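Got the viewer open? Let's take a short walk through this one, selecting as we go.

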Amino acid sequence: MSMRTVDWTALRRRDAEPAAEGLRERKKRLLRRQLSDTATEMFMERGFDAVRVSEVAEACGVSEKTVFNHFPTKESLVLDLGEATLGSLRTTLADPELSPVEAVLEILSGELAAITSWLAEQEDLAQAKNVLQRFGMLIGSTPSLRAYQRDMADQQVAVAAEVLARRNGTSPDDPEAQIAATALLALWPIQFQALRRHLNHVRTPEQLHDLVSADVHRAARLLDTGLTSFAPARPGK
């Protein structure tokens, strides 16, 4: 399995195709996907720092300016999932029918399902696991990608705090909203660490899904116990 045979679109969860999408919007969405997937392949093959954005643009038949019209930084070309997570936090976490923990578990479940479903579709599971490990190594060994991840995590905490504050009738700057948001977003590293820990010790993608989910839910139960006190404020309080 070469990098050119990896279906990165399936591997990294994205928003569903809009039902009433115009031609222009569809072209923009598909170009954005092509740019991200091509960049990821090139970074995996040669290393992040060895590939120039102009080379990604040339491989896709567009100008370098066009690339930056779709992605503000080189790092966002490969770590585009963070933007999708921001969108999910704004919508799913705001759902009054779900507790904050339930909402975050739903988002994480979708992201995990994208990975394990992709694994299940591959003919060679061992090589597919290797691709996931190399993707993780690319991020872990590149300081600018790690820094971008930290910045994105800060943005996600800020968005979660805003959503939780609206649900609770408080300010995003209040300590309760801040600590609740920080705790909820800490479930993402738990899921990533569980994926790395279990990846080479399972026989099937289904086993991987179950083990990772179990770890995330164990951590979430601990959070849920504390977050039950973060209830909507009463009028006049």
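Start with a cartoon of the whole protein chain: you'll find 12 helices and zero strands. Keep in mind that this is a predicted model. Colour from the N terminus on and the element order reads α-α-α-α-α-α-α-α-α-α-α-α.

Now switch on the surface. The accessible area comes to about 12,900 Å², and carbon and sulfur atoms hold 52% of it. Of the 237 residues, 43% count as buried. If you draw a contact map, look at pairs with a separation of 6 or more: 71% of those contacts join residues 24 or more positions apart.

Next, hide the surface and go for the largest nonpolar core, which has 63 residues. Select Phe43, Val78, Leu93 and Leu119, the members that touch the most others. H7 gives the most to this core, with 10 residues.

Stay on Leu93 for a moment. Which residues is leucine 93 in contact with, leaving aside its neighbours within four places in sequence? Show Ser88, Pro100, Ala103, Val104, Ala160, Val163, Leu164, Arg167 and Leu184, and you have the set.

Last stop: select residues 100-121 (H7) and 205-227 (H12). These two helices pack with their axes 10 Å apart, at an angle of about 170°. Angles over 145 degrees count as roughly antiparallel, so that is what H7 is to H12. Add side chains to see the contact: Leu105, Leu108 and Leu112 are among the H7 residues making it, and the H12 side includes Leu208, Val212 and Val216. By class, the contact has 14 nonpolar, four polar and one charged residues.

Key:
Residues numbered from 1 in each chain as written. Predicted model: local features only at pLDDT ≥ 70, side-chain atom pairs only at ≥ 80, totals over all residues. Heavy atoms only, no water. Axes fitted to C-alpha atoms, helices over the stretch in contact; angles between N-to-C directions. Helix = DSSP H or I, 4+ residues; strand = E, 2+ residues; numbered from the N terminus. Parallel < 35°, antiparallel > 145°, perpendicular 65-115°, else oblique. Contact = heavy atoms within 4.5 Å. Nonpolar A, V, L, I, M, F, W, Y, C, P; charged D, E, K, R; others polar. Buried < 20%, exposed > 50% of the residue type's maximum accessible area, 1.4 Å probe, protein only. Areas by Shrake-Rupley, 256 points an atom, 1.4 Å probe, with all protein chains shown as cover. Core = buried A, V, L, I, M, F, W, Y, C linked by side-chain atoms within 4.5 Å.
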